[in-house]
Amino acid sequence: MNKVIKLTVVLFLICAIVSAVLGAVNEVTKGPIETQQREKTEKAYKAVLPYADSFTEIDPAAYVAYKSTINKISVADNGAGYVVETTFSGAQGSITMAVGIDSDMRCAGISIIKHSETSGLGEVAASSSERGVSFRKSFIGKDETITVHDIDAITGATITSKAVAGAVANVINAVKALG
C-alpha cells in the first residue's frame, strides 16, 4: 500500500511540474502568436482589397443569417468595398479565408489565412507557387453565380476548389444582403 501512495505522489508531482512548464510556455508564446496571426490577417486583407487602407467592422447582427460561416465583415473606409473573413469545410478540415468584394459586388481577390488541406493537392490553393497564384487570381471579377467551372480549379483538389468557389459565392451573397 505504501508503494502505491509513493507512486501516486511521484506521478502527481510530475504532472504538476509538466503542467507548470506548459502553462509558462503558453504565457511566453501567446503574445507573439497573436501578433503574428494579426499581421497575417492584415496582410491577407491588403492582398484581397489593395486599394483600401483602413476598415470598419460591421455589426454581426447585420449578417446573422450567414453567421455560421462568416467570421467577420469589414467595410473599407474609402468605399472601395468589403473584406469578409470566412471559415468553411475543405477536403481535410476547416479553411479560413479573406475575400475582397469590390463596390460592384464582385470578388476582388482571395487569400487563404489558415487551412489543413492535403500537402501537394488542396494545399496548393494557399501556396505561393505559380499554380496557387493562378488559382486565387481566377476568382477576381467573379460574382455570386461562381462555380468550380468558372475558375482555374486545382487538378486533384476538386473538393478544395469547389469549397473555395462555394465560399466566395456565399460571401458575395452575405455582402449583398447587407443592402
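Helices, in the sense I use here, are DSSP runs of H or I with at least four residues, strands are runs of E with at least two, and both are numbered from the N terminus. With that settled, I note that Ser 138 sits in the loop between helix H2 (130-137) and helix H3 (158-177). The model I am reading is a predicted one.

**Entry: overall layout**

I looked up the secondary structure and found that the protein comes to 3 helices and 5 strands. Read from the N terminus, the order of the elements is α-β-β-β-β-β-α-α. The radius of gyration is 21 Å, well over the 16 Å that the globule rule gives for 179 residues, so I describe the protein as more spread out than a compact globule. I then took the extent of the C-alpha trace along its principal axes, which comes to about 75 × 40 × 30 Å.

For the surface, I noted that the protein exposes about 10,200 Å², and that carbon and sulfur atoms supply 59% of this area. Of the 179 residues, 36% count as buried. Among contacts between residues at least 6 apart in sequence, 46% join residues at least 24 apart. I also looked at the charges: there are 17 positive and 18 negative side chains, and the centres of the two sets lie 9 Å apart.

**Entry: cysteines**

How many disulfides does a search of the whole structure find? The search returned 0. For the two cysteines I looked up, the accessibilities are as follows: Cys 15 counts as partly exposed because its relative accessibility is 42%, while Cys 107 is buried, with a relative accessible area of 1%.

**Entry: Ser 138, after helix H2**

I came back to Ser 138 to ask whether it is buried or exposed. Its relative accessible area is 14%, and the cut-off for buried is under 20%, so Ser 138 counts as buried. Leaving out residues up to four places away in sequence, I found that Ser 138 touches Asp 150, Ile 151 and Asp 152.

**Entry: Val 175 and Met 105**

Val 175 belongs to helix H3, and I recorded it as buried because its relative accessible area is 2%. Which residues does Val 175 touch, if those up to four places away in sequence are not counted? They are Tyr 82, Val 84, Ile 101 and Met 105. I also checked the pair Val 175 and Val 75, which are 100 residues apart in sequence and 9.7 Å apart in space, C-alpha to C-alpha.

Since Met 105 appears among the contacts of Val 175, I looked it up in turn. Met 105 lies in the loop between strand E4 (94-102) and E5, and it is buried, with a relative accessible area of 19%. I flagged its backbone as well, as Met 105 has a positive phi of about 60° although it is not a glycine.

**Entry: Lys 114 and Thr 118**

Lys 114 is part of strand E5, and at 54% relative accessibility this lysine counts as exposed. Setting aside neighbours within four places in sequence, I found Lys 114 in contact with Ser 94, Ile 95 and Thr 96. For one of these, Thr 96, I also took the C-alpha to C-alpha distance to Lys 114, which is 5.0 Å across 18 residues of sequence.

Further along the chain, I placed Thr 118 in the loop between strand E5 (107-114) and H2. Thr 118 counts as partly exposed, because its relative accessibility is 31%. With residues up to four places away in sequence left out, Thr 118 touches Gln 92 and Glu 123. Thr 118 and Gly 93 are 25 residues apart in sequence, and I noted 9.6 Å between their C-alpha atoms.

**Entry: Thr 69**

Thr 69 is in the loop between strand E1 (55-57) and strand E2 (70-76), and at 24% relative accessibility it counts as partly exposed. Apart from neighbours within four places in sequence, Thr 69 is in contact with Glu 85, Thr 86, Thr 87 and Asn 170. I last checked Thr 69 against Lys 137, and the two are 68 residues apart in sequence and 22 Å apart in space, C-alpha to C-alpha.

Conventions:
Residues numbered from 1 in each chain as written. Predicted model: local features only at pLDDT ≥ 70, side-chain atom pairs only at ≥ 80, totals over all residues. Heavy atoms only, no water. Disulfide = S-S within 2.5 Å. Buried < 20%, exposed > 50% of the residue type's maximum accessible area, 1.4 Å probe, protein only. Rg over C-alpha atoms; globule rule 2.2 N^0.38 Å. Contact = heavy atoms within 4.5 Å. Areas by Shrake-Rupley, 256 points an atom, 1.4 Å probe, with all protein chains shown as cover. Lys, Arg positive; Asp, Glu negative; His and termini not counted. Charge placed at Lys NZ, Arg CZ, Asp CG, Glu CD.
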